[in-house]
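Hi,

Here is the structure I promised to pass on. Have a look at it first, and my notes on what turned up follow below.

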Amino acid sequence: MAESAIISRHLRTLWGVPGTELGVVGWPATRRERAFASWHYWWQAHLIDCAVDAANRTPTPMRRKRIAAIARAHRRRNITGWTNDYYDDMAWLAIALERAERTQGITEARGGLIALERELYGAWDPAGGGGVPWRVDSDYFNAPANGPAAIALLRLGRHVRAQEMADWIDATLCDKESGLILDGIHLPSGEIERPTYTYCQGVVLGLEAELAVHTGEQRHSERVHRLLTAVEEQMTTDGVITGGGGGDGGLFNGILARYLAVVALMLPGDERDQVADRLTAAAIVRASAAAAWANRLEFEGEPLFGHDWSKPAQLPGGPSGAGHFTAGGSVTSSRVPERDLSVQLSGWLLMEAAYLVSAAGL
């Protein structure tokens with residue numbers, strides 16, 4: 001039902017071009033949004049990722065066709081190619097395209113994946129003290145770029161670089177007091193931006209869990225245990241992921257849920273901490289999904305998820321109140337956050353994560 005709601009409310013052909021589909025970023029949409037004047041590169045990357053989830057869950061020709069159509073539209077709407085100036089954006093797209101190829105055999109975006117891998121691998125900057133910057137020519141090196149970039153590179157076979165990136169995040173951005181991952185660091189000044197966002201925790205949890213599988217090295221499992229404990233204590237209430245917003249922030253909690261499912265399904269080991277960590281990660285996903293579903297709105301037979309899964313969803317009215325770009329390049333929330341594609345994608349991400357852990361018996 002989460003999938004169906006996105007398809008009916010948000011998916012449209014791009015500029016009338018056959019064989020393309022893209023997500024309209026608001027519902028109800030403004031004229032500008034319907035024309036894809038606003039489209040938000042990284043939101044669409046998560047739309048591809050969700051479409052891959054659906055095809056993996058219940059394979060059909062239509063679902064495979066949809067993945068290819070969204071990827072094709074993404075390339076066309078980006079106009080200049082597959083890449084842009086933001087390494088976090090490119091990392092999310094690389095993750096989605098790699099999964100589409102590996103799990104569904106969709107190879108038509110192989111050229112894009114090669115270009116994205118080249119950009120992400122080449123951006124690593126240890127000589128300057130950093131990992132991967134947030135964007136081209138930036139002095140800001142943050143978890144939202146380095147976490148997904150490392151996951152993408154790991155899945156593309158760049159295991160050594162991915163491990164270097166994980167070690168850099170742990171040494172530079174892990175707050176020793178709270179145990180959570182801080183947002184980023186300016187270099188060479190060393191000034192740290194200290195907000196702790198849910199998606200920063202999610203990507204690091206997923207990265208360390210996958211490195212534990214690939215390397216067998218204990219430090220990665222230990223980092224998962226430490227971070228998961230901090231997330232459970234500080235970012236959940238009664239087992240439900242707390243908070244949430246709209247705009248770019250609408251995706252944050254869904255990303256955490258996705259990578260909690262990765263921990264639940266992939267974290268290796270039979271020791272007490274590892275078994276408990278898998279169960280804890282699964283329990284947070286299931287409790288969050290149950291809360292989001294209980295607090296959904298039903299509109300014309302399909303769910304509308306709330307931006308905060310612990311509170312009843314609100315129905316957006318009319319096309320007014322759309323979000324906008326800030327000077328820093330982020331997208332603000334609509335007046336009613338539930339209007340934003342990001343919020344609804346987060347709900348879909350959560351439901352797919354809950355399906356995975358439930359199907360695994362966790």
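The lining of the second largest pocket divides into nine nonpolar, two polar and eight charged residues (Ala, Val, Leu, Ile, Met, Phe, Trp, Tyr, Cys and Pro count as nonpolar, Asp, Glu, Lys and Arg as charged, and the others, Gly among them, as polar). This pocket has a volume of about 360 Å³, and of its 19 lining residues the closest to the centre are Asp53, Arg99, Arg258, Val262 and Leu356. Helix 3, helix 5, helix 11 and helix 13 each supply at least two residues of that lining, with helix 11 giving the most, six residues.

Before going on, a word on the basis of all this. The model is predicted, so to speak of local features I needed pLDDT of at least 70, and side-chain atom pairs count only at pLDDT 80 or more, while totals for chains, interfaces and linings use all residues. Residues are numbered from 1 along each chain as its sequence is written, and side-chain values use heavy atoms, with hydrogens and water left out. Helices (H or I, at least four residues) and strands (E, at least two) are DSSP runs, numbered from the N terminus. For pockets and cavities, a 1 Å grid is laid over the protein atoms alone: a pocket is an open set of points with protein on both sides within 12 Å along at least five of seven lines, a cavity is a set where a 1.4 Å probe fits but cannot get out, and lining residues have an atom within 4 Å of a point. Grid points are joined across faces, edges and corners, and a volume is the space filled by probe spheres set on the points.

Two of the residues at the centre of that pocket also pair up. Aspartate 53 and arginine 258 meet through their side chains in a salt bridge, 2.8 Å from N to O (a salt bridge is a side-chain nitrogen of Lys or Arg within 4 Å of a carboxyl oxygen of Asp or Glu). Aspartate 53 sits in helix 3 (residues 41–57) and arginine 258 in helix 11 (residues 252–266), so the pair ties together parts that are 205 residues apart in sequence. Aspartate 53 is buried at 8% relative accessibility, and arginine 258 is buried too, at 11% (buried means under 20% relative accessible area, exposed over 50%, partly exposed in between, with a 1.4 Å probe and protein chains only). Helix 3 also holds alanine 51, which is buried at 5% relative accessibility. Its C-alpha lies 8.8 Å from that of alanine 100, although the two are 49 residues apart in sequence.

The largest pocket holds about 910 Å³ of space. It is lined by 42 residues, of which Trp42, Asp248, Gly329, Ser330 and Val331 are the closest to its centre. Helix 2 (31–34), helix 3, helix 5 and strand 3 (140–142) each supply at least two residues of the lining. By class, there are 18 nonpolar, 15 polar and nine charged residues.

Back to the salt bridges: there are 26 of them in the structure. Arginine 223 and aspartate 167 form one at 3.0 Å, N to O. Arginine 223 belongs to helix 10 (residues 218–234) and aspartate 167 to helix 8 (residues 159–173), so parts 56 residues apart in sequence are tied together. Here arginine 223 is buried at 11% relative accessibility, whereas aspartate 167 is partly exposed at 25%. Both belong to a network of salt bridges that links Asp167, Asp170, Glu208, Glu217, Arg219, Arg223 and Arg226.

Several members of that network turn up again around a cavity. Two cavities of 30 Å³ or more were counted, and the largest has a volume of about 70 Å³. Among the residues that line the largest cavity are Asp170, Glu208, Arg223 and Arg226. Helix 8, helix 9 (198–215) and helix 10 each give two or more residues to this lining, and helix 10 gives the most, with four. The lining has seven nonpolar, no polar and four charged residues.

The second largest cavity, of about 40 Å³, has two nonpolar, eight polar and no charged residues in its lining. Gly244, Asn253, His307 and Trp309 are among them.

One more salt bridge is worth a look: glutamate 108 and arginine 72 come to 3.0 Å between their closest N and O atoms. Glutamate 108 is in the loop between helix 5 (87–104) and helix 6 (110–122), and arginine 72 is in helix 4 (residues 61–78), 36 residues apart. Glutamate 108 is partly exposed at 47% relative accessibility, and arginine 72 is partly exposed at 33%.

Finally, the surface. Val213, Leu265, Met266, Tyr355 and Leu356 form a nonpolar patch with about 390 Å² of accessible area together (patches are made of residues with over 30% relative accessible area and no salt bridge, like charges being joined within 9 Å and nonpolar side chains, Val, Leu, Ile, Met, Phe, Trp and Tyr, within 5 Å; areas come from the Shrake-Rupley method with a 1.4 Å probe, and for residues only the protein chains shown count as cover). Helix 11 and helix 13 (341–359) each give two or more residues to the patch. Leucine 265, in helix 11, is partly exposed at 40% relative accessibility.

Best wishes
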